[in-house]
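Biologist: I am new to this one and would love a close look at a single part of it. Could you walk me through how a pair of helices sits together, and then through the charged pairs?

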Amino acid sequence: MSRTERTELLIGEEGTERLKRAKVLIFGVGGVGGYVCEALARAGVGTIHIVDNDTVSESNINRQIIATCHTLGRSKTRVMEERILSINPECSVRRFECFYLPDTPQAGQFDFAEYDYVVDAIDTTAAKIDIISRCKDAETAVISSMGTGNKLDPSRFQIADISKTSVCPLARVMRRELRSRGIHGVKVLFSTEEPIKTGSRIPGSISYVPSVAGLLIGGEVIRDLLKR
């Protein structure tokens with residue numbers, strides 16, 4: 001059987017071709033974003049651009065698909081590119097090794113209108129808002145990941161409009177900031193699980209929670225691309 005044969009049983013030849021023509025930009029290839037990349041690559045998305053300025057550290061090993069003892073110290077985008085191409089050598093991958101912030105030269109290098117979908121899997125609130133705003137201006141589909149730290153129950157994840165979110169502290173801040181800018185209709189992944197109080201400023205994490213979040217986002221992107 002070919003690499004795409006079982007996928008094609010579900011989505012047909014036309015769906016397979018549609019994914020092959022799709023172009024997706026992913027901000028952040030850590031715990032959540034790494035599994036988004038995994039889902040898109042294995043589904044046969046033809047163009048995947050990835051943005052991250054970090055290197056793999058030992059503290060990433062508990063939850064990030066690209067983090068192993070053999071990848072420590074390496075560029076996350078480089079390792080992710082190698083993984084994507086090992087899954088689908090025909091995929092067009094472009095790496096951006098930068099820390100995205102609004103009103104910086106790094107932000108100016110992205111033409112959001114050239115993408116079919118943008119995934120925000122980063123942590124910085126100002127950057128998340130800017131990415132969403134630019135996608136809205138470009139009329140490009142976007143989905144944003146809310147907080148996945150300090151969680152133990154992945155069954156509490158939901159994908160919904162930002163206006164329908166609850167419990168998640170990051171979603172609360174994002175709702176307020178987006179509303180103040182007149183931005184509506186933003187699709188997000190969030191959790192209805194109350195964050196666990198750890199007593200640490202560093203968010204706690206476990207192997208299966210960010211991965212589920214990333215696969216849920218990846219699935220949502222793929223289904224949306226197939227609807228077009």
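Are α2 and α3 roughly parallel or roughly antiparallel to each other?

Modeller: Happy to help! Please keep in mind that this is a predicted model, in which local features need pLDDT of at least 70 and side-chain atom pairs count only at pLDDT 80 or more, while totals for chains, interfaces and linings use all residues. Residues are numbered from 1 along each chain as its sequence is written, and side-chain values use heavy atoms, with hydrogens and water left out.

Now to your pair. Helix α2 covers residues 31-43 and helix α3 covers residues 76-87; helices here are DSSP runs of H or I with at least four residues (strands are E, at least two), numbered from the N terminus. They pack at an angle of about 25 degrees, with their axes 9 Å apart. Axes are lines fitted to C-alpha atoms, for helices over the stretch in contact, and angles run from 0 to 180 degrees between N-to-C directions. Angles under 35 degrees count as roughly parallel, over 145 as roughly antiparallel, 65 to 115 as roughly perpendicular and the rest as oblique. Therefore α2 and α3 are roughly parallel to each other.

Which residues meet? From α2 come Gly 34, Cys 37, Glu 38, Ala 41 and Arg 42, and from α3 come Met 80, Arg 83, Ile 84 and Ile 87, where contact means heavy atoms within 4.5 Å.

Two of these α2 residues, Arg 42 and Glu 38, also join in a salt bridge (2.7 Å, N to O). That term means a side-chain nitrogen of Lys or Arg within 4 Å of a carboxyl oxygen of Asp or Glu. Side chains of opposite charge can pair when their charged atoms come close. Arg 42 and Glu 38 are four residues apart in α2, so about one helical turn separates them. Glu 38 is buried, at 8% relative accessible area; buried means under 20%, exposed over 50%, and partly exposed in between (1.4 Å probe, protein chains only).

Helix α1 (residues 5-21) holds another such pair: Arg 18 and Glu 14 lie four residues apart, about one turn. Their closest N and O atoms are 2.7 Å apart, and Glu 14 is exposed, at 55%.

Elsewhere, Asp 120 bridges to Lys 128 (2.9 Å, N to O). Asp 120 is buried at 0% relative accessibility, and Lys 128 is also buried, at 0%. Across the whole structure, a search finds 17 salt bridges.
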